[in-house]
Amino acid sequence: MAEESVDILVLGASGFTGKYVLRELLKFRNVTGREPRKIGIAGRSKKKLAAALTWAAAASSSSSSSAGAGGGNDPDNASPPSVVIHEADVNDIPSLRAVCRKTRVLVSCVGPYRKYGQPVVEACVEAGVDYLDITGEPEFMERMEVLYHEKAKQTGALVVSACGYDCIPAEFGVIFNTQQFEAPSVPHSVDSYLVLESAGHRIKGNLGTWESAVLGVTNMSDIRELRKSRPRRARPQIPGGPAKKKSGWVHWEENAGGWAIRFPTADPTVVRRTHSTVVENPSGLPTADNEGSPTSSNANKSAWTSIKPVHYGCYLIQKSIIGVIAVFLIGCLMAVLSAYKFGQKLLIQYPEIFSLGIFHKEGPSEEEVRAASFKMWFVGRGYSDSKTISPGKEPDKQVLTRVSGPEIGHVTTPIVCIQAALLMLDERKHLPKGGVYTPAIVFSGTDYLQRLQRNGLHFDVISTTKI
């Protein structure tokens, strides 16, 4: 089967998160009334890939009866899947080009993306193959946009990063919250508050996530230089004017029931990129099915109506002052040590020590994964009547919504990633023709949010009040 073409290929399927992404994909291999989807996996070692496939197939079969209907899965068929296995290495460009020629959609789970991501994007763009990944690294995402956006538009490759926990809950959580402001009301700002929970276990992350964070802190100057080198992007005109600044880095957030710490994550940068793209393309983007037609510029304009630009802030919730101190201590250790080569090596070599036990080389156990969950609270503030907004007027309406789901890194990330990949595969003609875009730009005009709800995530309106 080495030369067989596939529908979706997971690159890095034997990695920490890759095997969970593969497990989730196998749930949707069978489609009622159609031929099974053809699945491929790729990586440096066929032996490790085969072991990951054996694990993922067994785990997928045991959980398939609870799979959602978003991808057309047939839970009754639990036979061992036929999966094409390719050897490919990010340092071997011909091998990447070879796997690109054998798939329609490539899902990259090879991180840190700063180190390994660019050759994969380049190979997909050159081949005109759709690409998505699960990165949360802003510098990588923005650099890929600079380097490959125009080429991807020419070749018809759709490149979508941040299709994991970073940044799907944030992007679609903001969209869901702002949708609750029905005319004549308008939103002004949305703040999100992340609460990580675990029943009887400590929250635990894997080495790949920790290494990406360390490299991000180490190379913060790179993203500043990149942004300075680019033309300033369009900024939306948000009703009510500038955001009202919160004092300090920590504040008590009653809605989420804890201390809120400003969170240096990719979520705000991705949300801002989405809003800029909407402003820069007021009539929408050409889609794959009618590019070049007189109405192609309006083809997905309906998607734009669901995206209402707002000021967005992202916070992490800690239930106690001790938790707040721990977060600041980890941040200080990373900031100090990452300034030196030996410090960077120490951080990556001993994640358990410098993350205070949160990140481990072996990652979380299956029991720890099953016990973990998340809640992300969204506090939206705006105006009950857009016609009454005047300079200096404070928002008078608040909408509280919540996105919740299972463990973020190994369960939620595969869910949101695979539903995005299935949309790329099954609804490609209704998506943008090609280019490097954020998830909301590509999927906001589809049933993506409904797919997530059918597969384990929850989007709830908690309250709407006057303030």
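The following exchange goes through several descriptions of this predicted model and the values behind them.

Reader: How do you know how confident the predictor is in this chain?

Author: The mean pLDDT of the chain is 90, and 92% of its residues reach 70 or more, on a scale that runs from 0 to 100. Two stretches call for caution, however: pLDDT stays under 50 over residues 65–71, where the model has 19 contacts beyond four places in sequence, and pLDDT also stays under 50 over residues 73–80, where the model has 14 such contacts.

Reader: Why is Glu368 called buried?

Author: Glu368 has a relative accessible area of 15%, and the word buried applies to values under 20%, so Glu368 falls within that class. This residue is found in helix α15, which covers residues 366–371, and once residues up to four places away in sequence are set aside, Glu368 touches His201 and Lys204.

Reader: Why is Val336 called exposed?

Author: The relative accessible area of Val336 is 53%, and exposed is used for values over 50%, so Val336 belongs to the exposed class. Val336 is found in helix α12, residues 321–337.

Reader: What makes the nonpolar surface patch of about 340 Å²?

Author: The patch is made by Val336, Tyr340 and Phe342. A residue in a patch must have over 30% relative accessible area, and because Val336 has 53%, Val336 passes that cut-off.

Reader: Why is helix α1 described as largely enclosed by the rest of the structure?

Author: Helix α1 spans residues 18–26, and eight of its nine residues are buried, so the description of the helix as largely enclosed follows from that count. The buried residues are Gly18, Tyr20, Val21, Leu22, Arg23, Glu24, Leu25 and Leu26.

Reader: What makes strand β7 mostly covered?

Author: Strand β7 runs over residues 186–198, and 10 of its 13 residues are buried, each having a relative accessible area under 20%.

Reader: How do you know that β7 and β13 are paired?

Author: Two strands are said to pair if at least two bridges are found between them, and 12 bridges join β7 to β13, residues 372–383, so the requirement is met. These two strands run antiparallel, and Ser189 stands opposite Arg381 in β13.

Reader: How do you know that β7 and β11 pair?

Author: There are six bridges between β7 and β11, residues 311–318, and at least two are needed, so these strands also count as paired. Here the pairing is in the parallel sense, and the bridge partner of Leu194 in β11 is Leu316.

Conventions: Residues numbered from 1 in each chain as written. Predicted model: local features only at pLDDT ≥ 70, side-chain atom pairs only at ≥ 80, totals over all residues. Heavy atoms only, no water. Helix = DSSP H or I, 4+ residues; strand = E, 2+ residues; numbered from the N terminus. Buried < 20%, exposed > 50% of the residue type's maximum accessible area, 1.4 Å probe, protein only. Contact = heavy atoms within 4.5 Å. Patch = residues over 30% accessible without salt bridge, like charges linked within 9 Å, V, L, I, M, F, W, Y side chains within 5 Å. Areas by Shrake-Rupley, 256 points an atom, 1.4 Å probe, with all protein chains shown as cover. Salt bridge = Lys/Arg side-chain N within 4 Å of Asp/Glu carboxyl O.
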